[in-house]
Amino acid sequence: MLRITDILDKTQSYLSAPEQELIEKAYIFSASVHQGQVRLSGEPYLTHPVEVAGILADMKLDAATIVTGLLHDTVEDTVATLPQIKEAFGKEIEFLVEGLSKISRITFGSRVEHQAENFRKMILAMSADIRIILVRLADRVHNMRTLEFQPPDRQKFIAEETLELYAPLANRLGINWMKVELEDLAFRYLNPDAYADLVNRLAKKEEEREQYTKEVKGIIQKEIDKFGLKGEVEGRAKHLYSIYMKMEEQHIDLNEVYDLIAFRIILDADKESECYEALSVVHALWKPVPGRFKDYIAMPKANSYRALHTTVIGPYGERVEIQIRNRTMHEWAEAGIAAHWRYKEGRAYISGEDDQIKKLRDLLEVQQELKNPREFMSNLKMALFADEVYVFTPRGDVKAFPKGATPIDFAYSIHTDVGNQCIGAKVNRNIVPLKYELQNGETVEVITQAGHHPSKDWLKYAVTSRAISKIRNWVKTEERKKSVALGKDLLEKEFKKHNLKLSQILKSDEIKKMYTEYSVGSLDDLMAMVGYGKVSAKRIVNQFVPEEEAGTAEIPLVAEEKKRKAPSSVGISITDIEDIMVRFARCCNPIPGDEIVGYISRGRGVTVHTVNCPNVEGMDAERIVDVQWNIKEKQTYPVHMRVVCRDKKGLLAEVSTVISSMDINISHAEVETRPADMQAILSFEVNVSDLQQFNQVLAAIKKLKSVISVERVKTA
């Protein structure tokens with residue numbers, strides 16, 4: 001357990017005596033207000049803020065940040081108030097603590113909505129002071145280190161959120177050690193079997209790897225010394241999650257992962273030219289692997305990371321990955337944005353002084369326009385994860401885009417009007433379709449046409465948050481216009497049946513009372529709800545006609561009861577919507593246990609999708625509704641899975657036997673063999689009762705010796 005004296009020891013070398021006294025004062029304050037509180041581990045709650053402050057001290061951050069680490073939970077979890085914080089520690093620390101206060105006091109309709117609002121607040125706070133994010137990340141690191149004390153469902157949720165949002169955020173800020181630790185800890189809880197297997201297999205050959213690492217380091221060090229380059233060589237195994245992802249993406253075994261060790265040449269001089277000299281020394285020593293050289297000095301990554309990367313055929317024919325950087329580049333590579341906020345005597349934090357903060361703000365700015373929480377989270381994850389591709393404008397300016405970006409993304413990066421009016425593009429002077437994926441070094445020119453408008457199909461090809469947001473806004477506006485017109489038409493026809501005129505009804509006060517009932521702000525909103533199918537025209541009209549007349553117009557009670565039973569018969573209940581037909585999407589085949597959403601399709605009722613179905617991202621957010629599982633009778637649901645194995649005789653029978661032994665029916669099976677790598681891909685459609693049963697069959701299949709990977713797949 002870390003103690004306050006440990007933190008003071010860490011900060012003694014760079015903080016003044018008054019600043020250390022402030023940290024000690026914050027410790028005493030935190031200890032007094034957290035007194036009597038314990039963590040799930042049974043330890044005093046105070047251990048958490050102290051550990052968070054210790055992480056911030058290791059990063060050599062300023063006194064205000066470390067004090068905030070000690071106080072970050074006091075306002076939310078104790079009787080302490082912000083005015084007390086301000087009086088005891090000053091306005092700056094009050095502001096930082098307020099920025100970190102969570103929003104648990106507000107009630108949200110769903111977990112996704114709560115998560116989205118939490119991140120919105122964090123992003124807005126970051127716009128004022130980046131240190132708020134740094135404390136939040138340190139808080140998450142310690143929570144992940146102690147995740148074992150949480151119940152299994154919370155472990156899974158927190159680990160997923162960490163892998164999807166916090167680790168990419170740390171990466172975007174350039175804090176590599178934090179990104180690596182968060183990924184490995186999340187991997188441990190999300191796939192414990194694969195994690196344990198990888199740890200055991202790596203441990204068996206650890207001595208052999210250490211010997212190889214020592215040998216290669218010695219060779220490189222000797223060569224750079226010979227050419228008068230001063231610096232050191234590091235060699236370390238890649239982190240577990242990156243190895244696992246490589247195995248999964250390339251469908252290979254651990255024995256086939258050649259570059260388990262990454263070497264770094266860290267040069268003392270700040271001259272960039274020496275990095276290129278070191279590269280020539282390495283390439284003279286060993287043959288480079290074609291296509292594996294990356295110059296992040298000339299073209300830095302989005303998080304400002306700079307280095308030279310190359311892969312060579314090293315000793316014993318092994319592939320060796322080598323990174324070359326100087327001390328300044330190395331400090332940024334490890335600490336990222338935190339390196340800029342490390343304490344420097346006589347210099348306080350200056351808002352907006354770093355381009356990297358501006359980049360991140362620009363990246364996240366577009367997210368603020370998105371009101372739908374699922375849309376917001378989807379776009380945020382995509383923005384944080386992106387690998388980059390660099391292209392040139394016709395004038396020779398360099399633009400960076402996420403990997404997979406198309407001319408549509410390029411067009412919207414110039415201006416919204418250019419994007420909206422884009423009809424094609426030229427890449428290296430050749431006309432290409434809008435779905436063309438841009439490649440490094442290409443020159444892109446947009447072709448526009450006045451009066452042209454975006455298409456909903458563009459959402460399939462756009463990958464940047466800005467482009468997707470602008471296209472969706474356009475599509476939503478058009479969809480809304482159509483829905484308002486359709487709603488008005490339906491209401492006019494329904495009122496006509498009762499010899500009433502819509503124009504007269506719209507002037508009455510009664511129609512305005514309905515705004516409150518349906519939580520809308522205007523007549524157009526109400527008509528749009530009718531057009532979308534969220535409210536029936538009949539229901540609205542019935543409030544303007546006598547009860548006896550309304551009763552004759554209604555569907556007979558027996559039929560109404562049958563309709564009400566329809567949703568529960570398929571195991572789904574719908575929030576805030578009248579009785580409506582329900583069906584399951586074939587693209588993602590939801591099964592009980594999946595998080596789900598409903599999409600209103602005109603004339604076809606509600607289609608139920610999993611929340612992470614790719615098709616949901618391109619849908620009109622106005623027509624997405626909350627749905628829940630409501631299973632009353634046992635039934636089965638189709639689900640698809642893919643099994644990648646080492647090819648051998650009797651493989652299909654072996655896997656099928658495992659599935660059948662668990663009383664699960666196989667409705668369809670296909671086998672594809674790949675002689676080139678001696679692998680076979682088995683595709684199954686099976687019928688399961690819920691997600692738990694499906695996970696059980698996945699775990700059973702994974703235990704087969706010939707199986708490399710097994711996963712659930714979407715059909716479209």
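**Figure 1. Burial and surface of the whole protein.** Of the 716 residues in the protein, 49% are buried. The model shown is predicted. Its secondary structure comes to 30 helices and 20 strands. The accessible surface of the protein is about 35600 Å², and carbon and sulfur atoms hold 50% of that surface. Among the contacts in the protein with a separation of 6 or more, 67% are between residues 24 or more positions apart.

**Figure 2. Strand β13 and the burial of its residues.** Strand β13 spans residues 596–601 and is mostly covered, with six of its six residues buried. Its side chains fall into two sets: I596, G598 and I600 point one way from the strand, while V597, Y599 and S601 point the other way. Both sets are buried.

**Figure 3. Pairing of β13 with β14.** Strand β14 covers residues 605–610 and is joined to β13 by six bridges. The two strands run antiparallel. One of the residues to look for here is I600, whose bridge partner in β14 is V606. I600 belongs to the set that points one way from β13 together with I596 and G598.

**Figure 4. Pairing of β13 with β15.** Strand β15, made up of residues 624–625, is also antiparallel to β13, and two bridges join the pair. Within this pairing, Y599 of β13 stands opposite I624 of β15. Y599 is buried and points the other way from I600, along with V597 and S601.

Technical notes
Residues are numbered from 1 along each chain as its sequence is written. This is a predicted model: local features need pLDDT of at least 70, side-chain atom pairs count only at pLDDT 80 or more; totals for chains, interfaces and linings use all residues. Side-chain values use heavy atoms; hydrogens and water are left out. Buried means under 20% relative accessible area, exposed over 50%, partly exposed in between (1.4 Å probe, protein chains only). Helices (H or I, at least four residues) and strands (E, at least two) are DSSP runs, numbered from the N terminus. Two strands pair if DSSP finds at least two bridges between them. Contact means heavy atoms within 4.5 Å. Accessible areas come from the Shrake-Rupley method with a 1.4 Å probe; for residues, only the protein chains shown count as cover.
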